[in-house]
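Colleague: I have not looked at this one before. Can you walk me through it?
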Amino acid sequence: MSSALYETATIEGKGKALMAASDIKEGTVLTEDSVAHAATKDVCDTCLKASSEDLLRCGACKKTHYCGQACQKKAWKGWHKKECKAFKTLEEDNITPTPTLVLVFRVLLLKNRETFLNGLTSHLNSIKKERREMYVQMSVLANSLLRKAGEPEQELNFLLSVFAKCEANTFSVTNDDMETAAYTIYSTSSKINHSCVPNMTASFTGKTVHFMAIKPIQKGDELTISYVELASTKEERNAELSDRYGFACTCSRCGASETALTDKYPPCVLRDGNIEIVNLIASAQYPAALDKSMSLLPFMVLYNTELHPSVACHYLNIAKLKWYLEDTDGAYEAGIKAVSIFKKIATPQSGLLRTAAQLTSDAHHVKMHGRVGV
């Protein structure tokens, strides 16, 4: 990330934070590669891409998967060589490590572990008893992995702090279907704090994160993203923040009354409506799915802002439905909206951007020349 645009600070009640060192224009993108990660079982552990063919599996530990030999070799040289022996014992004991355990184990194996961890904030003292007990149980497994990897075991309090710091500062990397592909942690980006009125949004290319300013940011302002679903009430947001991160939000939205907003645009309408759309499409009720999608658009923009991945995906889904229903003009217009947002928040390699661009191109061709066979 460009250090000319931000500086690290400590904010009372929040801990580490990133502040704008100069004015940042809307659309500015900050990029950083991950320090450690843990992929889900359905993607390559190196590039995080899903494969149409069966993924290769490490022949020794049988716990990590790869899309090809190039990624497998890269992982072996980069991080897997040291952990493989430890993972192999889990296979022998028929234990499947959770992504959280894998991420923490990889952080513990970092050469610059102490420096990296000292730069992160945890809310361990505010975490609920049940989550702390879970950390205790996972710490036993973490020490077992360290021992089997030939590394010294660590004190319980230190491991509890590592689990709390990793969970509080981890990002969920989503694929083009908006499904979680991996969990990643970063040296600088993990210091970006939460706000229910964020000024940045995140997208990913593999393990690389891209933060884009969704509004002009003035020098001295804190850089923020949202850790939770914004289409929810203040009580719902803070319950999730308290449970997972151990803090309550004090942003301008949480500090004010939301009654006027939530009465006019109840968050449940958006959540329930999205479920209804999925069910309508599954039952081939495409006109009804389109009507519902159009009715939810104001809710989507209001809660997420215009420059947001969820809004871009919503426009893309509208374009797909209109295309299927042979509303070429409507498909083209919705496609243009999706493309314009994706171009600002995603990389050129984004599958969603390519899909939106292809659909828009097809719609434009039909607008000019008509559908084949018509």
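Modeller: Below we go over the chain as a whole and then one sheet.

Modeller: This is a predicted model, where local features need pLDDT of at least 70 and side-chain atom pairs count only at pLDDT 80 or more, while totals for chains, interfaces and linings use all residues. Residues are numbered from 1 along each chain as its sequence is written, and side-chain values use heavy atoms, with hydrogens and water left out.

Colleague: How many helices and strands does the protein chain have?

Modeller: The protein chain has 13 helices and 12 strands. Both are DSSP runs numbered from the N terminus: helices are H or I with at least four residues, strands are E with at least two.

Colleague: What is the radius of gyration of the protein chain?

Modeller: It is 22 Å, which agrees with the value near 21 Å for a compact globule of 374 residues. The radius is taken over C-alpha atoms, and the globule rule is 2.2 Å times the number of residues to the power 0.38. Along the principal axes, the C-alpha atoms fill a box of roughly 70 × 50 × 40 Å.

Colleague: And what share of the residues is buried?

Modeller: Buried residues make up 48% of the 374, where buried means under 20% relative accessible area with a 1.4 Å probe, protein chains only.

Colleague: Now the sheet. In what order do the three strands come?

Modeller: The order is β4-β8-β7, in an open sheet with antiparallel pairing. Two strands pair if DSSP finds at least two bridges between them. The edge strands, each pairing on one side only, are β4 (36-39) and β7 (170-174).

Colleague: How many bridges join β4 to β8?

Modeller: Four. One of the residues involved is histidine 37, whose bridge partner in β8 is threonine 184.

Colleague: Over how many bridges do β7 and β8 pair?

Modeller: Five, with β8 covering residues 180-185. Threonine 170 stands opposite isoleucine 185 in β8, and serine 172 stands opposite tyrosine 183.

Colleague: Which helix packs on the sheet?

Modeller: Helix α5 (residues 156-169) does, touching β7 and β8; contact means heavy atoms within 4.5 Å. The direction of α5 makes about 45 degrees with that of β7. Axes are lines fitted to C-alpha atoms, for helices over the stretch in contact, and angles run from 0 to 180 degrees between N-to-C directions.

Note on methods. Buried < 20%, exposed > 50% of the residue type's maximum accessible area, 1.4 Å probe, protein only.
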